[in-house]
Amino acid sequence: MNTRVCFLGMLLTLLPTLIAAQERNNNWITGEGVWLDLNTGSPVVVPGQVEIASLPHAVMSDTTGALLFYFDGRAYYDASMDTMPHGIPDSLGLPFWLAQTQSIALPRPGWPDRYYVFMVDQYLWGGHVELDMTANGGQGDVISPSIVYDMDSAAETRIAATRHANGEDYWIVLHERGSDEFHAFRLGPAGLDPNPVVSHAGTSIQIGATAPDRYGRLKFNTQGDLLAHTSIAHYLPDSSIVELFHFDQWTGEVSFLAELPHYTSASGIEFSPDGQRLYCTHTFSPPGGFATTAIWQLSLDPLVETDIVNSAVVIGVDSSSYGLDQVNSTMELAPDGKIYVHIGAPDGVLAVINNPNAADLACGYDRNGPNTQAFAGNIRGLPN
């Protein structure tokens, strides 16, 4: 069979799945009183009171773009903003000291009304729950008796997910505390395989006063074959870790590709839609000055470490009394093809990279993204 015809056949087969996946990201619950609807393209502020206890958090929409549920780091809420009967801390067995949670929601393959939410906490545990949207009169509820813990050893506060190469299952990737281990868990129709694929790659992350700590981000490109990793070292010059890895979507194996410049307080990270560029936030405090945030762009073509490092260019700088929230800074690729950047948690400012596939300043960084004056509350991170 002609190779082009075969490829087009595969693309047509996957197209409905790809479109549905986009719709599932069309609602962002981003803070106290802040709900962004992306169903019409550009973000629209939805009036109403929503609550966020921690960040970043998980939000799930259905295949038409309608909000299904969200998790704010403490409790699970349905589309009416009511807590689910078994989605409160007491029912889940959440530790009373839960804070700074990162989480991600995924549909259970082959089960139209079932969803998994995976959570990792700054106090180094990682686990998941399952939700059934037919429960509680069709409003949805947590059906797990409590959190199911995924790792025997402590997990760092980083989590990312991507499609399996079969186009149906998912890989959920965590990083182990105090080691160079990545743990890739496979989610399929039978549920979560409790036996992860373990890879040794990159820097062994240590936690301490003079070493990169547990905060940071894991992020896949949309193609699913590259994985970026940041680890913050608070205000320690040139000590943050930013690394790039190859990910095998068949096997779940992670392999090292490049170590990128050692920024100070590097946190937020995101790929361009075409996977050819990587963006990273970098925050520092000059002597006697305010916190300053720089946003870097790096070219990933070719995938050669020296070329990537030499391609680094600053596409935006922001200085304010808050700058970018070092621990909780986030950059997220939206369904509209733009990357939104959370700057200054108390300010509730969303900057935007309008053309992230473009090189250098042509990417169109703009600190004045969505109309933040319309927000009823403060942005507290962007959904993963």
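Two strands pair if DSSP finds at least two bridges between them, and strands themselves are DSSP runs (E, at least two residues) numbered from the N terminus. By that rule strand 27 and strand 28 (residues 365-366) pair in the antiparallel sense over two bridges. The model is predicted, so that local features need pLDDT of at least 70 and side-chain atom pairs count only at pLDDT 80 or more, while totals for chains, interfaces and linings use all residues. Residues are numbered from 1 along each chain as its sequence is written, and side-chain values use heavy atoms, with hydrogens and water left out.

**The sheet containing strand 27**

- Four strands form an open sheet in the order 25-26-27-28, and the pairing is antiparallel; strand 25 and strand 28 stand at its edges, each with a single partner strand, so one side of each is left without a neighbour in the sheet.
- Strand 25 (331-333) pairs with strand 26 in the antiparallel sense over three bridges, and within this region Met331 stands opposite Val341 in strand 26.
- Strand 26 (residues 339-343) is joined to strand 27 by five bridges, again in the antiparallel sense, and Ile339 has Ile353 in strand 27 as its bridge partner.
- On the side of strand 28, Val352 stands opposite Asp366.
- Five of the five residues of strand 27 (residues 349-353) are buried (under 20% relative accessible area, with a 1.4 Å probe and protein chains only), so the strand is largely enclosed by the rest of the structure.
- In a regular strand the side chains alternate between the two faces of the sheet; in strand 27, Val349, Ala351 and Ile353 point one way and Leu350 and Val352 the other way, and all are buried.

**The sheet of strands 17 to 20**

- Another open sheet of four strands has the order 17-18-19-20 with antiparallel pairing; strand 17 (216-220) and strand 20 (254-259) stand at the edges with a single partner strand each, so one side of each is left without a neighbour in the sheet.
- Neighbouring strands of this sheet are turned by 25 degrees against each other on average, direction ignored, where the axes are lines fitted to C-alpha atoms and angles run from 0 to 180 degrees between N-to-C directions.
- Strand 18 (residues 226-231) and strand 19 (residues 241-247) run antiparallel and are joined by six bridges, and Ser231 stands opposite Ile241 in strand 19.

**Individual residues**

- Asp169 lies in the loop between strand 12 (155-163) and strand 13 (170-176), and Asp169 is buried, with a relative accessible area of 5%.
- The side chain of Asp169 makes a polar contact with the side chain of Arg186 (2.8 Å), a polar contact being a pair of N or O atoms within 3.5 Å of which, within protein, one must be able to donate a hydrogen and the other to accept it, and residues adjacent in sequence count only if both atoms are side-chain atoms.
- Gly268 belongs to strand 21 (residues 266-271) and counts as buried at 0% relative accessibility.
- Gly268 and Thr330 are 62 residues apart in sequence, yet 4.5 Å apart in space, C-alpha to C-alpha.

Notes: Buried < 20%, exposed > 50% of the residue type's maximum accessible area, 1.4 Å probe, protein only.
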